[in-house]
Amino acid sequence: MEGEDSGQLPFPAESVVRLLLDWYAGSGRDLPWRHTRDPYAIWLSEVMLQQTGVETVIPYYRRFLERYPTVFELAGAPLEEIIELWAGLGYYRRARNLHAAAQQVVREHGGRFPATLTGLQGLPGVGRSTAGAILSIAFDIPAPILDGNVRRVLCRLFALQGDPRARSAEKKLWSWAAALTAQQRPHDYAQAIMDLGATLCMPRHPACGVCPLADLCLAHRQGVAALLPEARPRKQIPLRHQVALVLEHDGRVLVRRRGLDGMLGGLWEFPTRELLEGQVAQEVARELAIEHAAAVPCLTGKVRHVYSHFRLEVQLFMTKLPAGRGPIAESDDCKWVLYGDLAGLALHGAHRKAFDLLTSTKEQE
């Protein structure tokens with residue numbers, strides 16, 4: 001049986017708020033961004049936490065604040081530098097949006113973050129839920145949030161069945177989120193409901209036995225908490241193929257930087273070419289080697305990596321410049337790097353795995 005219609009709550013909102021705040025007082029997580037009310041620091045953490053776990057985010061958050069302590073430093077930094085510092089955090093469009101939003105805050109708001117939902121949602125990369133979190137946590141202004149953790153809590157609390165991302169479900173979830181948002185202490189409430197989803201109301205094996213909302217939760221009362229939210233229909237993710245060339249010369253390897261505007265923009269990779277249907281990888285690798293005046297390459301191995309909208313398989317070929325041949329000229333987007341320095345370079349995911357494969361191969365030689 002599905003939970004109550006979004007227009008009427010099956011329990012008093014005040015009861016949910018009180019139970020959550022009481023639980024949070026003794027069980028809330030101690031996270032670095034919870035020691036500040038600076039809108040800049042809160043915004044930075046919320047953007048990083050989009051689709052990324054807390055433990056992964058913490059070191060990046062600290063490094064960014066150390067490098068860019070205010071929005072002015074971030075806005076004035078080169079985008080390439082920001083992307084390199086972001087490397088490994090994934091979903092790189094967030095880094096570009098971060099830079100664009102910082103520049104907009106400086107240009108249009110004099111370095112002060114707007115304290116309205118409309119103003120915050122006008123910043124690149126800030127959607128309704130992120131804006132609500134910033135408004136609640138930084139400004140203590142009541143605003144609903146609906147990140148992944150909160151969505152899961154509400155789906156169970158109201159026993160929402162069906163696709164949780166369907167339009168009708170979205171409408172109900174936002175209505176419930178708004179109805180439950182605390183008018184007093186919204187700063188604590190926002191973090192409390194996010195913590196509940198992250199620590200107790202987890203995707204698998206929810207800890208209903210110690211959950212402060214268990215007596216109210218419709219899914220728990222109906223015995224279906226572990227079954228909700230229902231899984232969305234899985235889409236077929238396309239598999240793309242590439243050939244990458246590891247070109248060595250005098251202890252160095254050639255790498256190139258991807259254009260800033262495209263996917264994975266600003267990250268480094270080995271010279272690469274798409275492998276189209278019907279093409280033979282060895283022939284494409286040979287053509288790539290000829291373009292760089294290199295010797296015939298040999299296959300070293302292959303790696304696979306999953307991005308947000310596709311899977312990528314990279315066949316890795318190695319070769320060297322012939323004796324007496326000078327290195328290809330460097331530029332801003334093409335350089336020779338000592339093999340040992342590749343570990344510190346902002347390689348994108350698939351080519352980071354390619355580097356790991358090369359390291360393993362060399363250790364076995």
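The lining of the largest cavity in this predicted model divides into 13 nonpolar residues, 1 polar residue and 1 charged residue. This cavity has a volume of about 130 Å³, and of the 15 residues that line it, R156, C201, C208, C211 and C217 are the closest to its centre. Helix α9 (residues 148-157) contributes the largest share of this lining, namely 3 residues.

A search of the whole structure finds 2 cavities of 30 Å³ or more, and the second largest of them has a volume of about 40 Å³. Its lining is formed by I145, V150, L154, A177, L180, T181, Y189 and I193, with α9, α10 (167-180) and α11 (186-199) as the elements that give two or more residues to it. By class, the lining of the second largest cavity comprises 7 nonpolar residues and 1 polar residue, with no charged residue.

Among the open sites, the second largest pocket has a volume of about 160 Å³. Residues D38, P39, Y40, P69, T70, V71, F72, G111, R112, F113 and F139 line this pocket, and both α2 (39-48) and α4 (71-76) supply at least two residues each to the lining. The lining of the second largest pocket divides into 7 nonpolar, 2 polar and 2 charged residues.

Helices α2 and α4 also appear in the surroundings of helix α3, since what covers the buried residues of α3 includes α2, α4, α5 (79-86) and α6 (93-109). The buried residues in α3 are V54, V57, I58, Y60, Y61 and F64. In general, an α-helix has 3.6 residues a turn, so residues three or four places apart point the same way. The length of α3 was also examined: at 1.5 Å a residue, the 14 residues of this helix (residues 54-67) should span 20 Å, and because its end C-alpha atoms are 20 Å apart, the expected and modelled values agree.

At the level of the whole chain, the model contains 14 helices and 7 strands, and the C-alpha trace spans about 80 × 45 × 35 Å along its principal axes. Of the 365 residues of the chain, 49% count as buried, while the chain exposes about 17900 Å², of which carbon and sulfur atoms supply 50%. Among the contacts in the chain with a separation of 6 or more, 67% are accounted for by residues 24 or more positions apart.

Methods
Residues numbered from 1 in each chain as written. Predicted model: local features only at pLDDT ≥ 70, side-chain atom pairs only at ≥ 80, totals over all residues. Heavy atoms only, no water. 1 Å grid on protein atoms, 1.4 Å probe; cavity = no way out; pocket = protein on both sides within 12 Å on 5 of 7 lines; lining within 4 Å. Points joined across faces, edges and corners; volume = space filled by probe spheres on them. Helix = DSSP H or I, 4+ residues; strand = E, 2+ residues; numbered from the N terminus. Nonpolar A, V, L, I, M, F, W, Y, C, P; charged D, E, K, R; others polar. Expected span 1.5 Å × (residues − 1). Buried < 20%, exposed > 50% of the residue type's maximum accessible area, 1.4 Å probe, protein only. Contact = heavy atoms within 4.5 Å. Areas by Shrake-Rupley, 256 points an atom, 1.4 Å probe, with all protein chains shown as cover.
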